[in-house]
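Me: Please take a close look at the aromatic rings in this model, and explain how they are arranged and how they sit within the fold.

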Amino acid sequence: MNRPPSPEALLAPRLPSPLEEVRDERFDRHGVRLLLKRDDLIHPDVPGNKWRKLAPNLRAAAGRTVLTFGGAYSNHLRATAAAGRLLGFRTIGVVRGEELADRPLNPSLARCAADGMTLRFVDRTTYRAKNEPEVLEGLLSTFGDCCVVPEGGSNTAAVRGCAELGRELRDRADVAAVACGTGGTLAGLAAGLAPGQRALGVPVLRGGFLGDAVRELQRDAFGGPTGSWSLDERFHFGGYARTSPELHAFADDFEQRHGLAVERLYVAKLLFALTALAAEGAFPAGTAVAAVVTGRP
């Protein structure tokens, strides 16, 4: 029996993604090398860690409707909608915030809708219970047979997909750093690195819950803790989709220095954190730090 082409065959991602060194005196003065792992160049419509997470889930879906979850500015929803348009499968996005249903769509949700995603707005209490059987059963009774992908795309398949990111960085850097939302990329990244390397996660949400989430994801994907990783929770700038004039000024300056368009909700916070950590002496002289650029503005 002929199998349908894989997402990789149809979308032709650029893998491995490029690893580029940038010279920045804020790192140079401490003897630290800054490398950019350009996962934003994997695919023009499904970039970065979203590709690494979605591809294994789309293989499992095999053309079925994909139902997934996210907030009003979710990169994951946008990537899923784009993949649905490109590969020809139906997508449903369950969006946190029932009040948004009566407002004009923001640019992120408008892009999802333009790519054919059906948007279902739910109140925040229901959204918090989205993994409960009765909530899922209610959604499936409305939309029919679906492949359900969790918020942020972080599940066992996604974590195993993100392990390839770590393997691409083996022996290329001492520290591999990534901004974190749901923890799936960090869980896989750490698992793929070689002994002696470590992964650093910079959460973009408040709450201090991410450590437990990463441990649970690694347990489900690999049977237990895998690789060396840590979190620095000081750089969320107030929470998801929150920014500040200081962060924007930093990102503007980084863009001018290095000619890289800096996405504000994840990548800017990661680069700001690494610059601060270098100034604090967190990286010994001679350390090579790879920052994973997970997406574009």
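Reply: One aromatic cluster is formed by F235, F237, F250, F254 and F272, in what is a predicted model. Within this cluster, F250 and F272 make an edge-to-face pair, with 5.3 Å from centre to centre and 75° between the planes. The pair links distant parts of the chain, since F250 belongs to helix α11 (residues 245–258) and F272 to helix α12 (residues 267–280), 22 residues apart. F250 has a relative accessibility of 9% and therefore counts as buried, and F272, at 16% relative accessibility, counts as buried because the cut-off for that class is under 20%.

The structure holds 6 aromatic pairs, and another of these joins F69 and Y127, whose ring centres are 6.4 Å apart and whose planes meet at 75°, so this pair is edge-to-face; the cut-offs behind that reading are centres within 6.5 Å and planes over 60 degrees apart. Because F69 lies in strand β3 (residues 66–70) while Y127 lies in helix α6 (residues 124–128), the contact ties together parts that are 58 residues apart in sequence. Both F69 and Y127 are buried. The ring of Y127 has a further partner in R96, whose charged end sits over that ring at 5.3 Å from its centre.

Note on methods: Residues numbered from 1 in each chain as written. Predicted model: local features only at pLDDT ≥ 70, side-chain atom pairs only at ≥ 80, totals over all residues. Heavy atoms only, no water. Phe/Tyr/Trp six-rings, centres within 6.5 Å; stacked < 30°, edge-to-face > 60°. Helix = DSSP H or I, 4+ residues; strand = E, 2+ residues; numbered from the N terminus. Buried < 20%, exposed > 50% of the residue type's maximum accessible area, 1.4 Å probe, protein only. Lys NZ or Arg CZ within 6 Å of the ring centre and 35° of its normal.
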